[in-house]
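Reader: I'm new to this one and would like a close look at a single part. Could you start there and then walk me outwards?

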Amino acid sequence: MTEAGITVSWSMKPSDWLDIAAVIDRAGVTAMVRYAVDTKATARQPIRYATFFLRGGWKGLPPAAAQVPPPRPGGTKPPYCGDPDCDEISRTREVEDDRGIRSLQRCPDCHPASKGQAA
Ligand SMILES: [Zn+2]
């Protein structure tokens, strides 16, 4: 709060602290500070008490989850190719060269770094 240029008295009743803790849990500190900055910019009188924000709008802040877009399904990894030589976790294949030396190589079909490259 102070970092955002807002200096207010945090003296309040214990029940108000419980309310603020509930708002932090529900909406998050970022939303509270944003609301406080907006309110201070439009307030006609200096705001001296944090309870002003609490009664003025923090209680009405929407839950933080409602503001966050849902995560993209599937993540960033391409789908597992299903090849028996391919390890589903590491997306690598054990390859044996002409001299019989085995080594792990990125799966050309489903390793994330291989995606988009010409086959
Ligand atoms: Zn694969």
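Reader: Where is Lys77 found?

Author: Lys77 sits in the loop between α4 and β1. Before going on, a word on the basis: this is a predicted model, in which local features need pLDDT of at least 70 and side-chain atom pairs count only at pLDDT 80 or more, while totals for chains, interfaces and linings use all residues. Numbering runs from 1 along each chain as its sequence is written, and side-chain values use heavy atoms, with hydrogens and water left out.

Back to Lys77, which has a relative accessible area of 41% and therefore counts as partly exposed. (Buried means under 20% relative accessible area, exposed means over 50%, and partly exposed is what falls in between, with a 1.4 Å probe and protein chains only.) If you skip its neighbours within four places in sequence, Lys77 is in contact with Ile89, Arg91 and Pro112; contact here means heavy atoms within 4.5 Å.

Let's follow one of those partners, Arg91. Arg91 comes 14 residues away from Lys77 along the chain, and their C-alpha atoms are 9.6 Å apart. Arg91 is found in the loop between α4 and β1. With a relative accessible area of 7%, Arg91 is buried. Its backbone has a quirk too: phi of Arg91 is near 55 degrees, a positive value in a residue that isn't glycine. For background, most residues other than glycine have a negative phi.

That loop also takes us to the zinc ion. Its protein donors are the SG atoms of Cys81, Cys86, Cys107 and Cys110, lying 2.2 to 2.4 Å from the metal. (Donors are N, O and S atoms within 2.8 Å of the metal, or 3.2 Å for Na, K and Ca; water is not among the atoms, so sites may look incomplete.) The angles between the four donor atoms run from 102 to 114 degrees, which makes the arrangement tetrahedral; four donors earn that word if all angles lie between 85 and 135 degrees. Along the sequence, the donor residues are spaced C-x4-C-x20-C-x2-C.

Look at Cys81 and Cys107, a pair that links distant parts of the chain: Cys81 is in the loop between α4 (64–67) and β1 (92–96), Cys107 is in the segment after β2 (102–106), and 26 residues separate them. Cys81 is partly exposed, because its relative accessibility is 31%. Cys107, by contrast, is buried at 0%.

Next to consider is Pro108, also in the segment after β2. Pro108 is exposed, since its relative accessibility is 53%. Pro108 and Cys81 are 27 residues apart in sequence, yet 9.4 Å apart in space, C-alpha to C-alpha. Beyond its neighbours within four places in sequence, Pro108 is in contact with Arg93 and Ser114.

Now step back to the whole protein. There are four helices and two strands, in the order α-α-α-α-β-β along the sequence. (These are DSSP runs numbered from the N terminus: helices are H or I with at least four residues, strands are E with at least two.) Of the 119 residues, 25% count as buried. Among contacts between residues at least 6 apart in sequence, 50% join residues at least 24 apart.

Finally, hop over to helix α1 (residues 14–27) and helix α2 (residues 29–42), which pack at about 110 degrees with their axes 7 Å apart. (Axes are lines fitted to C-alpha atoms, for helices over the stretch in contact, and angles run from 0 to 180 degrees between N-to-C directions.) That angle makes α1 roughly perpendicular to α2, a label that covers 65 to 115 degrees. From α1, Ile20, Val23, Ile24 and Ala27 meet Val29, Ala31 and Met32 of α2. Elsewhere in α1 you'll find Asp16, which is buried at 5% relative accessibility. Not counting residues up to four places away in sequence, Asp16 touches Thr51, Leu54 and Arg55.

Technical notes. Angles under 35 degrees count as roughly parallel, over 145 as roughly antiparallel, 65 to 115 as roughly perpendicular and the rest as oblique. Four donors count as tetrahedral if all angles lie between 85 and 135 degrees; four count as square planar and six as octahedral if opposite donors are over 155 degrees apart and all others between 65 and 115; anything else is irregular.
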